[in-house]
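User: I want the reasoning behind the labels on this model. Take the cavities and pockets, then one surface residue.

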Amino acid sequence: GITLLSGPGCPVCVTSQTEIDRLCRMAEMDGVITATFGDMIRVPGSDTSLADLKAEGKDIRIVYAATDAVEIAVQNPDKKVLLAGIGFETTTPTIAASILMAHRMSVTNYFVLCCHKRVGPALDALMQIKDARIDGFLLPGHVAVITGTREFVPFAEAHGIPCAIAGFEPADILRGILSLAGQIVSACARVENCYPRGVTYDGNPRAIQVMEAVFDVADAEWRGIGRIDGSGLKIKKKYEMFDAENHFDITLPPSPPPSGCKCGMILTGRLVPPQCPLFGKTCTPAAPTGPCMVSGEGTCAAYYRYHPPATRE
Ligand code: SF4
């Protein structure tokens, strides 16, 4: 009797097509080195991807920490180093720390394209979708490590919906589901921390402080959901010299999602991947059409891996 739906929990998957296109336009400029986490590199924009640009000879590098990109900038003073700033509260403090590091070291050739998202406002937006059929939320443990349980308490109270913060091991997920089932059966709604070995009530105050020092809250565009007030971040004026949007000044009209791709419906729990007509046919992990198939965290990629088309009912 339990249906598990994936929400907008993968940062790559919720990055809008326009943001990906803007990143690619910047990455193809002469004299630019683009640094990115590995899961962004194959995400298709409207006409290219970072992987395609790399194959064409553009300098695209995978980094494992944002501060690695600052080091690349220091080592290449005649180039501009662009970091794709993508991720939720889990990643945002590390990007903020890289900006503080560049500021401290007076690095002038390091830029961040800020596409960060905040989980809380997206949860509110999901609750506004009438056909989303959500009875409870398994909340992301990695985000809660930073924000703490306290971030989600007003949400659970405002909507009267059961919430469980879960970790990543099978037993963590089962514990979270058990919590939600228990709350639903007993008709109560609260935030239960089912990942106490990683999450505290207050989260990581130092990480929050670093985030707040560098970023202001802003509106953001989410793939499949649209614009959500206060769901993004922008670099504060004090650090605007590191803001790639200011520096590269590329304005693009909104890009439509790939034709036929149902990522938006999947990210809001209204469809599951096998209901997308492209799933496993023209869209596979080897040749993805949409971001939900590219990232290992993406719902379509997960379905393809664990429930591939040949064996699905
Ligand atoms: Fe988009 Fe591919 Fe998923 Fe369909 S299967 S929703 S085209 S990513």
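Analyst: Helices and strands here are DSSP runs, numbered from the N terminus. The model is predicted. By that numbering, α9 gives the largest share of the lining of the largest pocket, five residues.

User: How much space lies in the largest pocket, and which residues are closest to its centre?

Analyst: About 1,700 Å³. Its lining counts 50 residues, with Leu-4, Leu-5, Ser-6, Gly-7 and Leu-138 closest to the centre. Elements giving two or more residues include α6 (119-128), β5 (137-140) and α14 (299-306).

User: How do the linings of the two pockets divide by class?

Analyst: The largest pocket has 32 nonpolar, 15 polar and three charged lining residues. The second largest has 14 nonpolar, nine polar and 13 charged. Its volume is about 640 Å³. Ser-16, Glu-19, Arg-22, Glu-221 and Arg-227 lie nearest its centre. Glu and Arg count as charged, Ser as polar.

User: Where is the ligand, and what makes a residue part of its surroundings?

Analyst: The ligand takes up the largest cavity. A residue is near if one of its heavy atoms lies within 4 Å. Among those around the ligand are Cys-261, Cys-263, Cys-276, Cys-283 and Cys-300, along with Lys-262. The shell has nine nonpolar, two polar and one charged residues. Cys counts as nonpolar and Lys as charged.

User: Why is Ala-187 called buried or exposed?

Analyst: Exposed means over 50% relative accessible area. Ala-187 has 71% relative accessibility, so Ala-187 counts as exposed. Ala-187 is found in the loop between α9 (170-185) and β7 (191-193).

Technical notes. Residues are numbered from 1 along each chain as its sequence is written. This is a predicted model: local features need pLDDT of at least 70, side-chain atom pairs count only at pLDDT 80 or more; totals for chains, interfaces and linings use all residues. Side-chain values use heavy atoms; hydrogens and water are left out. On a 1 Å grid over the protein atoms alone, a cavity is a set of points where a 1.4 Å probe fits but cannot get out, and a pocket is an open set with protein on both sides within 12 Å along at least five of seven lines; lining residues have an atom within 4 Å of a point. A molecule sits in a cavity or pocket if more than half of its atoms lie within 2 Å of its grid points. Helices (H or I, at least four residues) and strands (E, at least two) are DSSP runs, numbered from the N terminus. Buried means under 20% relative accessible area, exposed over 50%, partly exposed in between (1.4 Å probe, protein chains only). Grid points are joined across faces, edges and corners, and a volume is the space filled by probe spheres set on the points.
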